[in-house]
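Work through the exercises below with the structure open. Each task is followed by a solution in short steps.

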Amino acid sequence: QPDDAFLKTYPNFPDKEYVRKRTETDPLAYFPFLEEESDKFGFVDANGRLQVAARYDSVATDYFCDGVRTNAMLVYRQRQLGAVDKTGREITGFGYESIEPLDGELLLVKQNGSAGVWHEGGFAVLPVQYQSVEVLNETFLLVQQEGKYGLANFFGGRVGEAVYDEIRNLGDGLVAFRQNGRYAVVHNSLLLERKFPVLAFLYDSVEWVRQDALRVRIGTYEGVVNASLQPVVSPAPVRLKPLPAGWLADNGTHRQLLDAKGRLLADSLDEATGNQSFFAARRGGVWAVWKAGIAPRLKFDYDTAVLLGTDGFAVKKLANPDKPNSGVFYAFFAPDVFLKLGNFQHVSLLQAEGKPTRRWLLVTDKSGNQGLLTVKGQPVLPAKHSRISPLGPDLIAFQSGGRWGLADGTGRQLLPALYNALSYEKGFVSTLKNGTWSGALTFRRSTNASSARTPTTRCFSLPPKTASTASSPPTTNRPPSSLSTKSATGSTAWP
């Protein structure tokens with residue numbers, strides 16, 4: 001029992017009966033009732049048992065319809081607002097303009113424009129003297145007084161006087177204080193010490209840019225510290241851009257690539273980028289690519305480098321520098337998938353909506369035609385389409401001759417390229433042809449092992465659009481997740 005556990009922890013608690021009744025009544029729903037003889041309100045539980053005697057002039061109006069389950073219940077005495085708990089003990093006294101939950105068993109009270117805090121146990125935590133009180137984090141309350149901010153703990157102890165322009169919870173146990181335009185950052189644990197720490201206002205700005213990496217700025221200098229406030233990248237006159245596995249430092253004339261610990265990987269770069277597995281850097285018009293976490297080889301010999309998702313890249317080296325269409329793309333996916341893709345102009349990664357593990361390689365040839373390959377290099381759709389786009393979790397829309405068709409994720413055609421637009425919603429595909437939306441199609445794989453990828457189709461009637469609507473469809477009637485050859489504004493896709 002919860003009350004037994006509490007009393008075992010606090011065996012000398014003076015009011016054991018209160019703890020027992022509080023535990024007993026906490027899960028109950030209460031409903032107000034009016035005692036005709038006294039013209040006063042009290043509370044009964046859902047079984048009609050009297051729980052709080054009738055001694056109040058009124059109660060919160062929403063209790064009459066829905067009842068109340070919270071421990072703190074709002075009541076009025078002589079038109080003054082107060083709170084009573086479910087055992088009948090008055091918590092706050094009366095005379096407040098408003099009482100509302102703040103956090104856990106804390107109640108925010110307001111009186112004459114000032115705010116204070118009471119505990120549901122019946123004692124004041126903060127006096128009613130602040131402009132505002134709010135929860136800063138799991139340890140502290142943020143208080144505002146005369147336009148300045150300070151800290152208090154959940155038991156009412158003032159931790160930091162209200163002398164700061166801003167106090168911000170940064171998360172990961174860090175709190176930022178701003179005074180005279182500069183920030184100091186300290187750990188929660190230091191604020192719990194008996195003596196408030198001396199704050200060093202060093203920074204013009206502080207912000208998390210990724211987990212365990214806090215970017216700080218001092219004038220034109222930027223640096224990085226971790227959650228323990230230990231330096232990762234020393235402040236320097238650069239702009240720092242976070243990469244998934246490192247940092248790009250730009251001083252305006254050249255760029256440096258740093259790893260996650262701030263160690264220099266490559267200098268004097270024209271451009272650099274990275275994903276979780278690889279870095280790519282360009283110098284003098286050519287690219288180098290290497291695996292994150294190892295010392296770079298820095299062999300700059302690729303004319304094109306493209307990062308693919310979080311774990312892959314594609315590179316191309318021109319066979320003849322005077323012929324931009326020459327050369328073959330190669331791709332690599334961690335840990336050991338190496339592919340020769342072919343003579344394409346561009347390679348990118350295409351991912352299914354809502355299924356990041358379902359992905360393909362989108363390739364574009366020298367004529368601008370698009371095709372699709374698996375991430376193991378197997379052909380899905382030939383490079384003869386003007387556009388290819390995912391339409392659902394395992395559906396691929398392709399455009400040929402200005403019309404749209406549909407294939408599954410293996411490239412098997414489900415609908416020929418005959419439609420002005422396709423729309424996908426909740427597993428169903430609708431088609432637009434000759435100004436009319438029709439059908440709601442769902443494609444399911446056969447359970448027959450010999451034709452496991454043969455689609456089956458279920459059709460439902462769909463009210464046709466009028467000719468005028470289809471030729472110039474209003475935005476409000478456009479189906480979600482749709483593709484079109486032309487919309488009312490002349491764009492190539494509907495949002």
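**Exercise 1. Classify F196 and F177 by burial, then describe their ring pair.**

Step 1. F196 has a relative accessible area of 22%, so F196 is partly exposed. The classes are buried (under 20% relative accessible area), exposed (over 50%) and partly exposed in between, with a 1.4 Å probe and protein chains only.

Step 2. F177 has a relative accessible area of 0% and is therefore buried.

Step 3. This is a predicted model: local features need pLDDT of at least 70, side-chain atom pairs count only at pLDDT 80 or more, and totals for chains, interfaces and linings use all residues. Residues are numbered from 1 along each chain as its sequence is written, and side-chain values use heavy atoms, with hydrogens and water left out.

Step 4. A search of the whole structure gives twelve aromatic pairs. Rings of Phe, Tyr and Trp (its six-membered ring) pair if their centres lie within 6.5 Å; planes under 30 degrees apart are stacked, over 60 edge-to-face, the rest tilted.

Step 5. The ring centres of F177 and F196 are 6.0 Å apart and the planes stand at 85°, so this pair is edge-to-face.

Step 6. F177 is in strand β17 (residues 174–179), and F196 is in the loop between α4 (188–191) and β19 (205–210). The two are 19 residues apart, and their pair links distant parts of the chain. Helices (H or I, at least four residues) and strands (E, at least two) are DSSP runs, numbered from the N terminus.

Step 7. Y164 and F201 join F177 and F196 in one aromatic cluster.

**Exercise 2. Which charged ends sit over the rings of Y30 and Y419?**

Step 1. Apply the criterion: NZ of Lys or CZ of Arg within 6 Å of the ring centre and within 35 degrees of the ring normal.

Step 2. Over Y30 sits the charged end of K86, 5.1 Å from the ring centre.

Step 3. Over Y419 sits the charged end of K433, 6.0 Å from the ring centre.

**Exercise 3. Trace the open sheet that contains β31 and β32.**

Step 1. Write the order: β30-β31-β32-β33, four strands with antiparallel pairing. Two strands pair if DSSP finds at least two bridges between them.

Step 2. Find the edges. β30 (304–308) and β33 (337–342) each pair on one side only.

Step 3. Add the twist, which averages 20° from one strand to the next.

Step 4. Take the inner pair. β31 (residues 312–317) and β32 (residues 328–333) run antiparallel over six bridges. G312 stands opposite F333 in β32.

Step 5. Follow the chain into the loop between β32 and β33, where P335 lies. The peptide bond from A334 to P335 is cis, with omega near 5°.

**Exercise 4. Where do D39 and E146 lie, and are they buried or exposed?**

Step 1. D39 is in the loop between β1 (30–35) and β2 (40–45). Its phi is near 55°, a positive value in a residue other than glycine.

Step 2. D39 counts as exposed because its relative accessibility is 52%.

Step 3. E146 is in the loop between β13 (140–145) and β14 (148–153). Phi of E146 is also positive, near 55°.

Step 4. At 75% relative accessibility, E146 counts as exposed.

**Exercise 5. Place N420 and find what its side chain reaches.**

Step 1. N420 is in the loop between β41 (413–419) and β42 (421–425).

Step 2. N420 has 18% relative accessibility, so this residue counts as buried.

Step 3. The N420 side chain reaches the backbone nitrogen of N434 at 3.2 Å.

Notes. Polar contact = N/O pair within 3.5 Å; in protein donor to acceptor, adjacent residues only side chain to side chain. Axes fitted to C-alpha atoms, helices over the stretch in contact; angles between N-to-C directions.
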